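Biologist: I'd like to learn how to read a model like this one, feature by feature. Could you walk me through it?

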2 protein chains.
Amino acid sequence: MASGGPEIEQLIQLLARLPGYGPRSARRAVLHLIKRKDQLMLPLSAALDRAVAAVRSCEICGNVDTISPCSICADPRRGESGILIVVEDVGDLWALERAGVGQVRYHVLGGVLSPLDGIGPDDLNLDALLSRAGDYTELVLAMNATVEGQTTAHYITDHLSGRGIKVTRLAHGVPVGGELDYLDEGTLSQALRARTEI
Amino acid sequence: MASGGPEIEQLIQLLARLPGYGPRSARRAVLHLIKRKDQLMLPLSAALDRAVAAVRSCEICGNVDTISPCSICADPRRGESGILIVVEDVGDLWALERAGVGQVRYHVLGGVLSPLDGIGPDDLNLDALLSRAGDYTELVLAMNATVEGQTTAHYITDHLSGRGIKVTRLAHGVPVGGELDYLDEGTLSQALRARTEI
Ligand SMILES: [Zn+2]
Ligand SMILES: [Zn+2]
C-alpha cells in the first residue's frame with residue numbers, strides 16, 4: 001500500500017488523468033484537498049456533483065451549457081448580427097467569448113476532418129451546420145490554423161458554394177500552426193475584426 | 001458570461017485552486033472532464049464523494065487514512081522494529097512508504113516550529129509525540145533539511161534527553177534546503193539506512 005486507504009488511492013488515480021497532472025502531482029493535489037476539507041474538498045465534491053447533473057450539449061450548436069438550447073442559442077439578440085462562427089471545439093468558443101467578440105452565434109464541429117485518423121464528415125457536427133447555415137448572412141470559419149483545420153474549412157466552403165452565404169475566415173493574426181485556445185484575447189479580437197472573405 | 005452555466009463556472013473556480021492549476025488550466029480540465037463524462041467525470045465525482053466521507057486523521061500518529069487508528073498504527077508488525085519516524089507532513093510519510101523503508105511507524109507533526117510565522121510547540125502534534133516516544137527504542141527525525149526543520153529536531157531532542165531513547169536523523173543524503181517529497185526514492189531509502197545518531 002502506498003498512501004491512505006483505497007478511497008484515497010482511487011482519487012489519486014483519477015486526478016492523475018487530468019490535463020497537466022501525473023501520479024505525483026495528483027498525490028499532492030489529494031493532500032492539498034484533504035488539508036482543506038471544509039474550504040475546498042467538500043465544495044469541489046458538491047460542485048462536481050452539480051456539474052455532472054447539469055452539464056449538457058446544446059442540441060443546436062454543440063456548445064456545453066446547463067440548458068439546451070444553450071444560453072447563446074436561446075438569446076434572440078445573438079441572432080441579429082447574422083454572424084455564425086464555426087469552431088472546432090467548445091474551448092475555442094469559450095476563448096472567443098472571453099475575447100468579447102460580440103453578439104454572434106457559434107457552431108461547434110467537435111473536431112476536424114482528418115483522414116489519417118479516420119475522422120470523416122460523418123464524425124463531425126457538419127450536417128447540422130449545413131442545415132442551419134442558411135439562417136445566417138455570414139459564416140466565420142474559426143478553425144485552428146492547422147492542415148486539418150484548413151481541410152475542414154475547404155470542405156465547408158465547397159458545400160456552401162452557390163447558396164449566397166458569405167464565408168469568411170479569421171484574419172492572419174492567428175499564428176500558423178497555433179491553437180486558438182492558447183492565444184491572448186487581444187489577438188483573437190483583432191483577428192476577428194480583420195476577418196477576410198474566402 | 002464566460003463559459004457554460006453557473007455550475008460549470010463554479011467548478012472551474014474550485015479546480016483553479018488545485019496545486020499547479022490556474023483559471024486557464026482549470027477551464028481545460030473542466031472541458032476534459034465534460035468530454036469524458038462517463039469515463040472520468042462521473043468516476044471522479046463518485047471517488048471524491050467517497051473520499052470526503054471516508055478520510056480521517058489518525059488519532060495516534062496524524063496520518064491520513066480511512067480508518068483511525070490508521071492501517072500503519074493498527075498493524076502490530078509495524079511496532080516490532082521499535083522505530084518511530086517523525087515527519088513534518090503526511091506527504092513525507094507517503095514518500096517514505098513509497099521508498100519502502102520497512103516495518104516502521106510514523107509520527108506526523110503537521111508542520112515545523114517557526115517563531116517568525118507564529119508557529120510554536122502548541123501548534124504542532126508534539127505533546128502526543130513526547131507521550132508515545134517511550135514505546136519506541138529509536139526515534140528517527142526526518143524533518144526537511146531547512147532551518148525550521150532543524151529547529152524542530154533540536155526541540156524534540158532536548159525534550160527527550162535523559163529518557164534513554166536513541167534519537168537519530170536521516171543521513172546527509174538529503175540535499176540541504178531540499179524537501180523530502182521531491183526526492184527520488186533511492187536517495188530517501190539510502191538516507192534512512194545511513195541514518196546517524198544525534
Ligand atoms: Zn447552442
Ligand atoms: Zn496512525
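**Reading the model, feature by feature**

Modeller: Let's start with one residue and its neighbours: leaving out residues up to four places away in sequence, A:Pro69 touches A:Cys58, A:Glu59, A:Ile60 and A:Ala74. Keep in mind throughout that this is a predicted model.

Biologist: Where does A:Pro69 sit in the chain?

Modeller: A:Pro69 belongs to the loop between E2 and H4 of chain A. Its relative accessible area is 29%, so A:Pro69 is partly exposed; the partly exposed class runs between 20% and 50%. For a sense of distance, A:Leu48 is 21 residues away along the chain, and the two C-alpha atoms are separated by 22 Å.

Biologist: A:Cys58 was one of those neighbours. Which residues coordinate the zinc ion (ligand 1)?

Modeller: With a metal, look at the donor atoms first, then the angles, then the sequence spacing. Here the zinc ion (ligand 1) is held by the SG atoms of A:Cys58, A:Cys61, A:Cys70 and A:Cys73, at 2.3 to 2.4 Å.

Biologist: And why is the arrangement around the zinc ion (ligand 1) called tetrahedral?

Modeller: The ideal angle for four tetrahedral donors is 109.5 degrees. The 4 donor atoms around the zinc ion (ligand 1) subtend angles of 104 to 116°, and therefore the arrangement is tetrahedral. To pass that test, all angles must lie between 85 and 135 degrees.

Biologist: How are the donor residues spaced in sequence?

Modeller: The pattern for the zinc ion (ligand 1) is C-x2-C-x8-C-x2-C. Within it, A:Cys61 and A:Cys73 link distant parts of the chain, 12 residues apart: A:Cys61 is in the loop between strand E1 (56-57) and strand E2 (64-65) of chain A, while A:Cys73 is in helix H4 (residues 71-74) of chain A.

Biologist: Are A:Cys61 and A:Cys73 buried or exposed?

Modeller: Both A:Cys61 and A:Cys73 are buried.

Biologist: Now the interface. How many residues of chain A are in contact with chain B?

Modeller: For an interface, read the contacts, then the area, then the polar pairs. Here 58 residues of chain A contact 58 residues of chain B. The two chains bury about 5600 Å² between them, with 66% of it on carbon and sulfur atoms. On the chain A side, A:Arg28, A:Leu48 and A:Trp94 lose the most area to chain B, together 12% of what that side buries.

Biologist: What about salt bridges across the interface of chain A and chain B?

Modeller: There are 2 of them across that interface. A:Asp89 forms a salt bridge with B:Lys35, with the closest N and O atoms 3.0 Å apart. The count of residue pairs in polar contact between chain A and chain B is 16. Among the elements giving two or more residues to the chain A side are helix H1 (6-15), helix H2 (23-35) and helix H6 (90-98) of chain A. H3(A) gives the most to that side, with 15 residues.

Biologist: Which residues of chain B does A:Ala47 touch?

Modeller: A:Ala47, found in helix H3 (residues 37-54) of chain A, touches B:Gln10, B:Leu11 and B:Leu14. A:Ala47 is buried, with a relative accessible area of 1%.

Biologist: One last case: what does the side chain of B:Thr168 make a polar contact with?

Modeller: B:Thr168 lies in strand E6 (residues 166-169) of chain B, and its side chain makes a polar contact with the side chain of B:Glu138, at 2.9 Å. B:Thr168 counts as buried, at 2% relative accessibility.

Key
Residues numbered from 1 in each chain as written. Chains lettered and ligands numbered in written order. Predicted model: local features only at pLDDT ≥ 70, side-chain atom pairs only at ≥ 80, totals over all residues. Heavy atoms only, no water. Donors = N, O, S within 2.8 Å, 3.2 Å for Na, K, Ca; no water. Tetrahedral: all angles 85-135°; square planar, octahedral: opposite > 155°, others 65-115°. Helix = DSSP H or I, 4+ residues; strand = E, 2+ residues; numbered from the N terminus. Buried < 20%, exposed > 50% of the residue type's maximum accessible area, 1.4 Å probe, protein only. Contact = heavy atoms within 4.5 Å. Buried area = accessible area lost by both parts, 1.4 Å probe. Salt bridge = Lys/Arg side-chain N within 4 Å of Asp/Glu carboxyl O. Polar contact = N/O pair within 3.5 Å; in protein donor to acceptor, adjacent residues only side chain to side chain.
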